[in-house]
Amino acid sequence: MINVKHCRNAKLRNLKKKQENSAILALDDTALDPDQIENLIKFCPTKEEIELLKGHTGDRENLGKREQFFLELMTVPPVESKLRVFLFKIQFYSQVSDLRNSLDIVNSAVGEVRNSVKLKRIMQTILSLGNALNQGTARGSAVGFRLDSLLKLTDTRARNKKMTLMHYLCKVLSQKLPELIDFPKDLATLESATKVQLKCLADEMQAISKGLEKVIQELAASEKDGPVSATFCKTVKEFLSFAEGEVKSLTALHTYVGKNADALAHYFGEDPARCPFEQVMATLLSFSRMFVKAHEETASNLKMIRRKLRRQKMRSQKISTSMKESEALST
(Lines give C-alpha, C1' and ligand atoms only; values in the text may rest on other atoms or scores of the structure.)
Protein backbone atom coordinates (compact mmCIF):
# COMPACT_ATOMS: atom_id res chain seq x y z
CA MET A 1 0.00 0.00 0.00
CA ILE A 2 1.36 3.41 -0.96
CA ASN A 3 1.79 5.86 1.90
CA VAL A 4 0.37 9.04 0.30
CA LYS A 5 1.37 11.26 3.23
CA HIS A 6 4.94 9.98 3.13
CA CYS A 7 5.20 10.59 -0.62
CA ARG A 8 3.78 14.09 -0.27
CA ASN A 9 6.21 14.97 2.52
CA ALA A 10 9.10 13.58 0.48
CA LYS A 11 8.08 15.72 -2.49
CA LEU A 12 7.80 18.80 -0.28
CA ARG A 13 11.27 18.16 1.14
CA ASN A 14 12.73 17.77 -2.33
CA LEU A 15 10.98 20.93 -3.48
CA LYS A 16 12.39 22.85 -0.51
CA LYS A 17 15.92 21.56 -1.24
CA LYS A 18 15.64 22.55 -4.88
CA GLN A 19 14.44 26.02 -3.85
CA GLU A 20 17.48 26.35 -1.56
CA ASN A 21 19.77 25.30 -4.40
CA SER A 22 18.14 27.84 -6.70
CA ALA A 23 18.62 30.49 -4.02
CA ILE A 24 22.32 29.61 -3.79
CA LEU A 25 22.82 29.85 -7.56
CA ALA A 26 20.87 33.12 -7.71
CA LEU A 27 22.59 34.50 -4.56
CA ASP A 28 19.09 35.34 -3.30
CA ASP A 29 19.57 36.90 0.14
CA THR A 30 15.79 36.98 0.72
CA ALA A 31 15.76 33.17 0.79
CA LEU A 32 18.81 32.53 3.01
CA ASP A 33 20.39 34.64 5.76
CA PRO A 34 24.09 34.63 6.81
CA ASP A 35 23.54 32.16 9.67
CA GLN A 36 21.82 29.68 7.36
CA ILE A 37 24.59 29.99 4.79
CA GLU A 38 27.29 29.45 7.42
CA ASN A 39 25.47 26.31 8.58
CA LEU A 40 25.27 25.05 5.00
CA ILE A 41 29.03 25.61 4.63
CA LYS A 42 29.67 23.59 7.80
CA PHE A 43 27.66 20.66 6.45
CA CYS A 44 29.13 20.65 2.95
CA PRO A 45 30.24 17.11 1.97
CA THR A 46 33.95 16.31 1.83
CA LYS A 47 35.63 15.07 -1.35
CA GLU A 48 35.52 11.49 -0.04
CA GLU A 49 31.78 11.74 0.71
CA ILE A 50 31.12 13.19 -2.74
CA GLU A 51 32.97 10.30 -4.43
CA LEU A 52 30.97 7.74 -2.45
CA LEU A 53 27.62 9.37 -3.28
CA LYS A 54 28.47 9.69 -6.97
CA GLY A 55 28.34 5.92 -7.22
CA HIS A 56 24.86 5.69 -5.69
CA THR A 57 22.26 4.50 -8.23
CA GLY A 58 19.44 3.36 -5.94
CA ASP A 59 16.41 5.17 -4.51
CA ARG A 60 17.37 8.36 -2.67
CA GLU A 61 14.62 7.78 -0.12
CA ASN A 62 16.56 4.76 1.13
CA LEU A 63 19.48 7.01 2.09
CA GLY A 64 19.79 8.83 5.39
CA LYS A 65 18.75 12.49 5.66
CA ARG A 66 22.40 13.61 5.73
CA GLU A 67 23.21 11.71 2.50
CA GLN A 68 20.05 13.01 0.81
CA PHE A 69 21.05 16.53 1.79
CA PHE A 70 24.54 16.00 0.36
CA LEU A 71 23.08 14.76 -2.94
CA GLU A 72 21.02 17.92 -3.28
CA LEU A 73 24.02 20.14 -2.51
CA MET A 74 26.05 18.26 -5.13
CA THR A 75 23.71 19.59 -7.84
CA VAL A 76 25.36 22.99 -7.29
CA PRO A 77 28.92 22.84 -8.78
CA PRO A 78 31.05 23.32 -6.52
CA VAL A 79 28.67 24.19 -3.71
CA GLU A 80 31.08 25.25 -0.91
CA SER A 81 32.90 27.93 -2.92
CA LYS A 82 29.56 29.29 -4.18
CA LEU A 83 28.22 29.41 -0.64
CA ARG A 84 31.28 31.41 0.42
CA VAL A 85 30.68 33.85 -2.44
CA PHE A 86 27.05 34.09 -1.31
CA LEU A 87 28.09 34.82 2.30
CA PHE A 88 30.63 37.43 1.18
CA LYS A 89 28.02 39.19 -0.97
CA ILE A 90 25.48 39.35 1.87
CA GLN A 91 28.00 40.66 4.41
CA PHE A 92 29.83 42.95 1.97
CA TYR A 93 27.65 46.03 2.36
CA SER A 94 27.68 46.09 6.17
CA GLN A 95 31.43 45.29 6.32
CA VAL A 96 32.28 48.11 3.91
CA SER A 97 29.98 50.53 5.73
CA ASP A 98 31.45 49.67 9.17
CA LEU A 99 35.03 49.97 7.92
CA ARG A 100 34.35 53.26 6.16
CA ASN A 101 32.73 54.62 9.31
CA SER A 102 35.76 53.66 11.43
CA LEU A 103 38.14 55.23 8.91
CA ASP A 104 36.07 58.43 8.94
CA ILE A 105 36.27 58.54 12.75
CA VAL A 106 40.07 58.30 12.62
CA ASN A 107 40.25 60.96 9.93
CA SER A 108 37.94 63.31 11.86
CA ALA A 109 39.85 62.85 15.13
CA VAL A 110 43.20 63.58 13.44
CA GLY A 111 41.76 66.70 11.82
CA GLU A 112 40.22 67.95 15.09
CA VAL A 113 43.49 67.56 16.99
CA ARG A 114 45.65 69.20 14.35
CA ASN A 115 43.21 72.07 13.75
CA SER A 116 42.57 72.90 17.39
CA VAL A 117 44.19 76.27 18.05
CA LYS A 118 43.13 76.04 21.69
CA LEU A 119 44.95 72.74 22.22
CA LYS A 120 48.06 74.18 20.57
CA ARG A 121 48.04 77.23 22.86
CA ILE A 122 47.55 75.03 25.94
CA MET A 123 50.59 72.99 24.89
CA GLN A 124 52.57 76.22 24.59
CA THR A 125 51.40 77.30 28.07
CA ILE A 126 52.45 73.94 29.55
CA LEU A 127 55.89 74.30 27.96
CA SER A 128 56.23 77.83 29.38
CA LEU A 129 55.19 76.69 32.87
CA GLY A 130 57.65 73.81 32.72
CA ASN A 131 60.51 76.10 31.70
CA ALA A 132 59.59 78.57 34.46
CA LEU A 133 59.60 75.82 37.09
CA ASN A 134 62.93 74.48 35.82
CA GLN A 135 64.55 77.88 35.41
CA GLY A 136 68.25 77.80 36.17
CA THR A 137 68.56 74.12 35.29
CA ALA A 138 69.42 72.28 32.07
CA ARG A 139 65.69 71.59 31.62
CA GLY A 140 64.74 75.24 31.88
CA SER A 141 65.04 76.06 28.20
CA ALA A 142 63.19 73.14 26.60
CA VAL A 143 61.70 73.62 23.14
CA GLY A 144 59.23 70.76 23.56
CA PHE A 145 58.14 67.82 25.70
CA ARG A 146 57.09 64.20 25.27
CA LEU A 147 53.38 63.67 24.76
CA ASP A 148 53.09 61.31 27.73
CA SER A 149 54.32 64.15 29.95
CA LEU A 150 50.75 65.47 29.81
CA LEU A 151 49.72 62.60 32.07
CA LYS A 152 52.36 63.54 34.67
CA LEU A 153 50.91 67.00 35.34
CA THR A 154 48.80 65.52 38.14
CA ASP A 155 51.86 63.93 39.76
CA THR A 156 53.78 67.19 40.39
CA ARG A 157 52.42 68.84 43.55
CA ALA A 158 53.02 72.10 45.39
CA ARG A 159 54.59 72.14 48.85
CA ASN A 160 51.15 72.07 50.52
CA LYS A 161 50.44 68.81 48.64
CA LYS A 162 46.98 70.13 47.70
CA MET A 163 47.62 71.72 44.32
CA THR A 164 49.06 69.82 41.36
CA LEU A 165 50.67 71.31 38.28
CA MET A 166 47.42 70.51 36.45
CA HIS A 167 45.48 72.59 38.98
CA TYR A 168 47.97 75.42 38.58
CA LEU A 169 47.63 75.23 34.79
CA CYS A 170 43.84 75.52 35.12
CA LYS A 171 44.22 78.47 37.49
CA VAL A 172 46.59 80.30 35.12
CA LEU A 173 44.33 79.68 32.12
CA SER A 174 41.20 80.76 34.03
CA GLN A 175 42.88 84.05 34.96
CA LYS A 176 44.77 84.85 31.77
CA LEU A 177 43.37 82.74 28.92
CA PRO A 178 39.82 81.73 29.88
CA GLU A 179 38.88 81.23 26.22
CA LEU A 180 41.04 78.07 26.17
CA ILE A 181 39.26 76.28 29.03
CA ASP A 182 36.71 74.57 26.78
CA PHE A 183 39.31 73.09 24.40
CA PRO A 184 37.82 69.54 24.83
CA LYS A 185 34.85 70.74 22.73
CA ASP A 186 37.24 70.99 19.77
CA LEU A 187 37.92 67.24 20.09
CA ALA A 188 34.40 65.85 19.67
CA THR A 189 35.50 62.59 18.00
CA LEU A 190 38.37 61.88 20.40
CA GLU A 191 36.55 59.34 22.60
CA SER A 192 35.20 57.40 19.59
CA ALA A 193 38.68 57.33 18.05
CA THR A 194 40.17 55.68 21.17
CA LYS A 195 37.98 52.63 20.45
CA VAL A 196 39.49 52.15 16.98
CA GLN A 197 42.51 49.89 16.43
CA LEU A 198 44.37 50.52 13.17
CA LYS A 199 45.56 46.89 13.09
CA CYS A 200 41.94 45.71 13.14
CA LEU A 201 41.08 48.12 10.31
CA ALA A 202 44.00 46.76 8.27
CA ASP A 203 42.80 43.18 8.88
CA GLU A 204 39.26 44.11 7.82
CA MET A 205 40.55 45.82 4.68
CA GLN A 206 42.63 42.78 3.79
CA ALA A 207 39.69 40.43 4.40
CA ILE A 208 37.44 42.44 2.09
CA SER A 209 40.10 42.64 -0.65
CA LYS A 210 40.87 38.92 -0.47
CA GLY A 211 37.18 38.08 -0.38
CA LEU A 212 36.64 40.06 -3.57
CA GLU A 213 39.55 38.26 -5.24
CA LYS A 214 37.95 34.90 -4.42
CA VAL A 215 34.64 36.09 -5.90
CA ILE A 216 36.43 36.97 -9.14
CA GLN A 217 38.18 33.59 -9.17
CA GLU A 218 34.91 31.73 -8.57
CA LEU A 219 33.24 33.66 -11.39
CA ALA A 220 35.98 32.59 -13.80
CA ALA A 221 35.59 28.96 -12.70
CA SER A 222 31.78 29.05 -12.80
CA GLU A 223 31.69 30.33 -16.36
CA LYS A 224 32.97 26.85 -17.33
CA ASP A 225 30.06 25.10 -15.57
CA GLY A 226 27.66 25.72 -18.41
CA PRO A 227 23.92 26.58 -18.10
CA VAL A 228 23.64 25.36 -14.48
CA SER A 229 25.71 28.35 -13.26
CA ALA A 230 24.38 30.94 -15.75
CA THR A 231 22.21 32.73 -13.16
CA PHE A 232 25.05 32.64 -10.61
CA CYS A 233 27.49 34.21 -13.10
CA LYS A 234 25.01 36.93 -14.07
CA THR A 235 24.34 37.84 -10.43
CA VAL A 236 28.06 37.87 -9.55
CA LYS A 237 28.89 40.14 -12.49
CA GLU A 238 26.20 42.61 -11.35
CA PHE A 239 27.60 42.50 -7.81
CA LEU A 240 31.19 43.00 -9.01
CA SER A 241 30.23 46.01 -11.12
CA PHE A 242 29.45 47.77 -7.83
CA ALA A 243 31.78 46.01 -5.38
CA GLU A 244 35.04 46.54 -7.28
CA GLY A 245 34.54 50.31 -7.30
CA GLU A 246 33.66 50.30 -3.60
CA VAL A 247 36.76 48.31 -2.65
CA LYS A 248 38.99 50.53 -4.78
CA SER A 249 37.59 53.64 -3.08
CA LEU A 250 37.86 52.03 0.37
CA THR A 251 41.47 50.97 -0.25
CA ALA A 252 42.42 54.53 -1.19
CA LEU A 253 40.69 55.88 1.94
CA HIS A 254 42.43 53.29 4.14
CA THR A 255 45.85 54.27 2.75
CA TYR A 256 45.11 57.99 3.21
CA VAL A 257 43.90 57.54 6.79
CA GLY A 258 46.95 55.42 7.66
CA LYS A 259 49.28 58.19 6.49
CA ASN A 260 47.25 60.77 8.42
CA ALA A 261 47.43 58.69 11.60
CA ASP A 262 51.23 58.41 11.34
CA ALA A 263 51.50 62.13 10.56
CA LEU A 264 49.70 62.92 13.83
CA ALA A 265 52.51 61.32 15.84
CA HIS A 266 55.06 63.36 13.87
CA TYR A 267 52.93 66.47 14.57
CA PHE A 268 53.68 65.99 18.27
CA GLY A 269 57.34 65.21 17.56
CA GLU A 270 56.86 61.51 18.25
CA ASP A 271 57.87 58.39 16.34
CA PRO A 272 54.75 56.46 15.16
CA ALA A 273 56.56 53.20 15.94
CA ARG A 274 57.04 54.24 19.59
CA CYS A 275 53.90 56.31 19.96
CA PRO A 276 51.25 54.95 17.55
CA PHE A 277 47.89 56.53 16.78
CA GLU A 278 46.08 54.55 19.50
CA GLN A 279 48.49 55.83 22.17
CA VAL A 280 48.20 59.43 20.95
CA MET A 281 44.39 59.26 21.16
CA ALA A 282 44.40 57.58 24.59
CA THR A 283 46.88 60.14 25.97
CA LEU A 284 44.90 63.13 24.69
CA LEU A 285 41.62 61.71 26.01
CA SER A 286 43.12 61.08 29.46
CA PHE A 287 44.65 64.56 29.49
CA SER A 288 41.31 66.15 28.53
CA ARG A 289 39.48 64.31 31.29
CA MET A 290 42.11 65.16 33.91
CA PHE A 291 42.03 68.79 32.78
CA VAL A 292 38.24 69.01 33.07
CA LYS A 293 38.33 67.43 36.54
CA ALA A 294 41.12 69.73 37.74
CA HIS A 295 39.32 72.79 36.35
CA GLU A 296 36.12 71.83 38.18
CA GLU A 297 38.07 71.33 41.42
CA THR A 298 39.88 74.65 40.95
CA ALA A 299 36.61 76.47 40.24
CA SER A 300 34.99 74.84 43.28
CA ASN A 301 37.90 75.83 45.55
CA LEU A 302 37.77 79.37 44.20
CA LYS A 303 34.05 79.61 45.02
CA MET A 304 34.74 78.35 48.55
CA ILE A 305 37.48 80.97 49.02
CA ARG A 306 35.19 83.72 47.73
CA ARG A 307 32.36 82.65 50.06
CA LYS A 308 34.82 82.57 52.97
CA LEU A 309 36.07 86.07 52.13
CA ARG A 310 32.48 87.38 51.87
CA ARG A 311 31.64 85.93 55.29
CA GLN A 312 34.79 87.46 56.77
CA LYS A 313 33.91 90.82 55.21
CA MET A 314 30.34 90.66 56.56
CA ARG A 315 31.65 89.70 60.01
CA SER A 316 34.11 92.61 59.93
CA GLN A 317 31.32 94.98 58.88
CA LYS A 318 29.09 93.78 61.73
CA ILE A 319 31.91 94.21 64.24
CA SER A 320 32.65 97.68 62.88
CA THR A 321 28.96 98.64 63.06
CA SER A 322 28.67 97.33 66.62
CA MET A 323 31.75 99.29 67.68
CA LYS A 324 30.34 102.50 66.17
CA GLU A 325 27.02 101.95 67.92
CA SER A 326 28.79 101.36 71.21
CA GLU A 327 30.84 104.55 70.80
CA ALA A 328 27.68 106.52 69.97
CA LEU A 329 25.93 105.24 73.11
CA SER A 330 28.93 106.02 75.34
CA THR A 331 28.96 109.64 74.19
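Helix H9 (helices being DSSP runs of H or I with at least four residues, numbered from the N terminus) covers residues 198–222. Its 25 residues should span 36 Å at 1.5 Å a residue, and the end C-alpha atoms are 36 Å apart, so the two agree; the expected span is 1.5 Å times one less than the number of residues. This is a predicted model, in which local features need pLDDT of at least 70 and side-chain atom pairs count only at pLDDT 80 or more, while totals for chains, interfaces and linings use all residues. Residues are numbered from 1 along each chain as its sequence is written, and side-chain values use heavy atoms, leaving out hydrogens and water.

Now look along H9 for its buried residues (under 20% relative accessible area, 1.4 Å probe, protein chains only). Among them are Leu-201, Met-205, Ile-208, Leu-212 and Val-215. The buried residues of H9 pack against helix H5 (79–115) and helix H10 (230–267).

How do H5 and H9 cross? Their axes, lines fitted to C-alpha atoms over the stretch in contact (heavy atoms within 4.5 Å), come within 9 Å and cross at roughly 150 degrees, on a scale from 0 to 180 degrees between N-to-C directions. That makes H5 roughly antiparallel to H9 (over 145 degrees).

Next comes the largest nonpolar core, a set of buried Ala, Val, Leu, Ile, Met, Phe, Trp, Tyr and Cys residues joined through side-chain atoms within 4.5 Å. Of its 60 residues, Met-281, Leu-284, Phe-287 and Phe-291 touch the most other members. H10 gives the most to this core, with 12 residues.

Key: Helices (H or I, at least four residues) and strands (E, at least two) are DSSP runs, numbered from the N terminus. Buried means under 20% relative accessible area, exposed over 50%, partly exposed in between (1.4 Å probe, protein chains only). Angles under 35 degrees count as roughly parallel, over 145 as roughly antiparallel, 65 to 115 as roughly perpendicular and the rest as oblique.
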